[in-house]
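Hello,

Here is the structure I promised to pass on to you. Have a look at it first, and then read on for what turned up when I went through it.

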Amino acid sequence: FFSMSFPEEHQAKVNEAFDALDRCLDTELIWEPVVEKKGVTVSYHAFEGDPVSTFRGDGIIAVHPKKVLELLTDEKRRGDWDLFYADGRLIERISETEGYVYYQTKSQGWTVWARDFVMAISAHIFDSSNVSGEQEAKFIGVSVIRDDTPDVSGCVRGTVVLGGYHLLPVKVGDDIHCRVIYIMNIDAAGWIPHSVADMANTYQPLSIIGLRKALTGSSDP
């Protein structure tokens, strides 16, 4: 039984992140294609006034959406599917669908330090408009400041403006699969070569393939 909630300033950031996710899910928004791999498409959109481009991944995983959400919210298993994951933990769980996590990336050689992030995470689960009797979910992570999780030596503290997922049920024959739309807007802070930034911006949305392999045993669609 959980009786806690986010403090007001963190709840405001969570609400803003859900609003930003909804803006990115607007079907009239135009996304510029970047790459396609194993049925997952990666694209980007440059919002006016935002110095950091927003990237999007879109693909199908042959499991029910609730299985995808369970994996996304299990920080102990992030290394099973995230190419950049080096370390992480649950800082605090405040409800079945909300909490705080710490996430640290791998360094990229000796020139690029590891990045780390402290995030509030939250999921909204609601009846699907796609498939009658099914549910879909929106899940976000957004950077916050916590006094009990200070900067770590050897890491550059980055900012997740939005790490958001929309998990939609898709009927395939008699089965329910999951369409995953992943939206990311991340300020990695500090100096990063363009080649490394481009790799991260491309491969992080392709982590849908990693989710697929962790959940089905195969990276193929």
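**Strands and how they pair**

Strand 2 and strand 3 run antiparallel and are joined by 5 bridges. Within that pairing, Ser-43 has Arg-56 in strand 3 as its bridge partner. Please keep in mind as you read that this is a predicted model.

Strand 2 also has a partner on the N-terminal side: strand 1 (residues 32–37) is joined to strand 2 (residues 40–45) by 5 bridges, again antiparallel. Val-35 stands opposite Val-42 of strand 2. The two strands make a hairpin with 2 residues between them.

One residue of that turn deserves a look. Lys-38 sits in the loop between strand 1 and strand 2, and its phi is positive, about 50°, although Lys-38 is not a glycine. Most residues other than glycine have a negative phi. As for its surroundings, Lys-38 is partly exposed, with a relative accessible area of 33%.

Strand 3 (residues 54–61) is mostly covered, with 7 of its 8 residues buried. Besides strand 2, strand 3 pairs with strand 10 in the antiparallel sense, over 7 bridges. There, Phe-55 stands opposite Met-184 in strand 10.

A further antiparallel pair is made by strand 4 and strand 5, with 8 bridges between them. Asp-87 has Gln-104 in strand 5 as its bridge partner, and a hairpin of 2 residues connects strand 4 to strand 5.

**The largest pocket**

Met-184 comes up again here. The largest pocket holds about 780 Å³ of space. It is lined by 42 residues, and those closest to its centre are Phe-117, Met-184, Ile-186, Ala-188 and Ala-200.

Which elements supply at least two residues each to the lining of this pocket? They are strand 5 (98–105), strand 6 (114–127), strand 7 (135–143), strand 9 (159–172), strand 10 (175–187) and helix 3 (194–203). Strand 6 gives the most, with 5 residues. By type, the lining divides into 26 nonpolar, 10 polar and 6 charged residues.

**Aromatic pairs**

Across the whole structure there are 6 aromatic pairs. In one of them, the ring centres of Phe-139 and Tyr-165 are 6.2 Å apart and the planes meet at 35°, so this pair is tilted. Because Phe-139 lies in strand 7 and Tyr-165 in strand 9, the pair ties together parts that are 26 residues apart in sequence. Phe-139 and Tyr-165 are both buried.

Tyr-165 also pairs with Tyr-182: their ring centres are 4.5 Å apart and their planes are at 25°, so this pair is stacked. Tyr-165 belongs to strand 9 and Tyr-182 to strand 10, so here the parts tied together are 17 residues apart in sequence. Tyr-182 is buried, as is Tyr-165.

Elsewhere, ring pairs link Tyr-85, Tyr-103 and Phe-117 into a cluster. Phe-117 is also among the residues closest to the centre of the largest pocket.

**Cysteines**

How many disulfides does the structure hold? The count is 0. For Cys-24 the reason is distance: the closest cysteine sulfur, in Cys-178, is 18 Å from the sulfur of Cys-24, which is too far for a bond. Cys-24 counts as buried because its relative accessibility is 4%, under the 20% cut-off. Cys-155 is buried too, with a relative accessible area of 12%.

**A buried arginine and helix 4**

Is Arg-78 buried or exposed? With a relative accessible area of 13%, Arg-78 is buried. This arginine lies in the loop between helix 2 (65–72) and strand 4 (85–95). Arg-78 and Glu-134 are 56 residues apart in sequence, and 26 Å separate them in space, C-alpha to C-alpha.

Towards the end of my list is helix 4 (residues 207–216), where Ser-207, Ile-208, Ile-209, Gly-210, Leu-211 and Arg-212 are buried. Helix 4 is followed by Gly-217, which has a positive phi, near 85°.

Happy browsing, and all the best!

Methods. Residues are numbered from 1 along each chain as its sequence is written. This is a predicted model: local features need pLDDT of at least 70, side-chain atom pairs count only at pLDDT 80 or more; totals for chains, interfaces and linings use all residues. Side-chain values use heavy atoms; hydrogens and water are left out. On a 1 Å grid over the protein atoms alone, a cavity is a set of points where a 1.4 Å probe fits but cannot get out, and a pocket is an open set with protein on both sides within 12 Å along at least five of seven lines; lining residues have an atom within 4 Å of a point. Grid points are joined across faces, edges and corners, and a volume is the space filled by probe spheres set on the points. Helices (H or I, at least four residues) and strands (E, at least two) are DSSP runs, numbered from the N terminus. Ala, Val, Leu, Ile, Met, Phe, Trp, Tyr, Cys and Pro count as nonpolar, Asp, Glu, Lys and Arg as charged, and the others, Gly among them, as polar. Two strands pair if DSSP finds at least two bridges between them. A disulfide is a pair of cysteine sulfur atoms within 2.5 Å. Buried means under 20% relative accessible area, exposed over 50%, partly exposed in between (1.4 Å probe, protein chains only). Rings of Phe, Tyr and Trp (its six-membered ring) pair if their centres lie within 6.5 Å; planes under 30 degrees apart count as stacked, over 60 as edge-to-face and the rest as tilted.
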